[in-house]
Amino acid sequence: MTEMQQLQLMAAGVIAVFFFVLAISILRKRHMDGRPWATRGGALVYAIIFAGFVGGIMVPLQMDLMNGGMAEMSDAELITSRLPGLVFFMLVIRSDVTGRLPVVGTFIRAYRSAMLRRTIEGAHKRLEKMQALDGRAATGA
């Protein structure tokens, strides 16, 4: 295994662990729909996808940029080597393709719904704070 591959694996592993721990730590029982194991499984799948992006696309791109490898590549080489990975990652994360997969779709939908519930809860709290500020401004306090 080359030094570059070791760096990619190490970066992907660290990112996956941090993403998973962060996702599990910010979600509470009230965000989950009675299946915490499915929500945690979805967080693990997302951690693996994100780690693959960092280790497989971002680290090599950064290494090429720092070592001057991009200057030596032609435009066609650059597009065919980096663009497909970026497009694939954007399609996987932004579209709901992963939620429709047969085995992991249940986990991903559970995780995404828990994150959506958490986001809605946070938006309600911020809205209440803004309304309280507007109420004080209207009364002159």
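**Close-up 1. A nonpolar surface patch that includes F18 of helix α1.** A patch is made of residues that have over 30% relative accessible area and no salt bridge, with nonpolar side chains being joined within 5 Å. In this predicted model, the residues L7, M10, V14 and F18 form such a nonpolar patch on the surface, and together they have about 400 Å² of accessible area. F18, one of these residues, belongs to helix α1, which comprises residues 3–26. The relative accessibility of F18 is 58%, so this residue counts as exposed, given that the cut-off for that class is over 50%.

**Close-up 2. T39, a buried residue of helix α2, with its surroundings.** T39 is found in helix α2, a helix that covers residues 36–67. With a relative accessible area of 0%, T39 is buried, because that class takes in residues under 20%. When the neighbours within four places in sequence are left aside, the residues in contact with T39 are L27, M32, A110, Y111 and A114.

**Close-up 3. The tilted aromatic pair of F50 and F53.** The count of aromatic pairs in the model comes to 5. One of the pairs is formed by F50 and F53, whose rings are 6.3 Å apart centre to centre, with 35 degrees between the planes, and this pair is tilted. F50 and F53 are 3 residues apart in helix α2, and therefore about one helical turn separates them. The relative accessibility of F50 is 32%, so F50 counts as partly exposed, whereas F53, with a relative accessible area of 13%, is buried.

**Close-up 4. The stacked aromatic pair of F53 and F89.** F53, which is buried, also forms an aromatic pair with F89, in which the ring centres are 3.9 Å apart and there are 15 degrees between the planes. This pair is stacked, because planes under 30 degrees apart fall into that class. The pair links distant parts of the chain, since F53 lies in helix α2 and F89 in helix α4 (residues 75–94), with their positions 36 residues apart in the numbering. F89 has a relative accessible area of 16% and is therefore buried.

**Close-up 5. The aromatic cluster that contains both pairs.** F19, F50, F53 and F89 form one aromatic cluster. Within this cluster, F50 and F53 make up the tilted pair, and F53 and F89 make up the stacked pair.

Methods. Residues numbered from 1 in each chain as written. Predicted model: local features only at pLDDT ≥ 70, side-chain atom pairs only at ≥ 80, totals over all residues. Heavy atoms only, no water. Helix = DSSP H or I, 4+ residues; strand = E, 2+ residues; numbered from the N terminus. Buried < 20%, exposed > 50% of the residue type's maximum accessible area, 1.4 Å probe, protein only. Contact = heavy atoms within 4.5 Å. Patch = residues over 30% accessible without salt bridge, like charges linked within 9 Å, V, L, I, M, F, W, Y side chains within 5 Å. Areas by Shrake-Rupley, 256 points an atom, 1.4 Å probe, with all protein chains shown as cover. Salt bridge = Lys/Arg side-chain N within 4 Å of Asp/Glu carboxyl O. Phe/Tyr/Trp six-rings, centres within 6.5 Å; stacked < 30°, edge-to-face > 60°.
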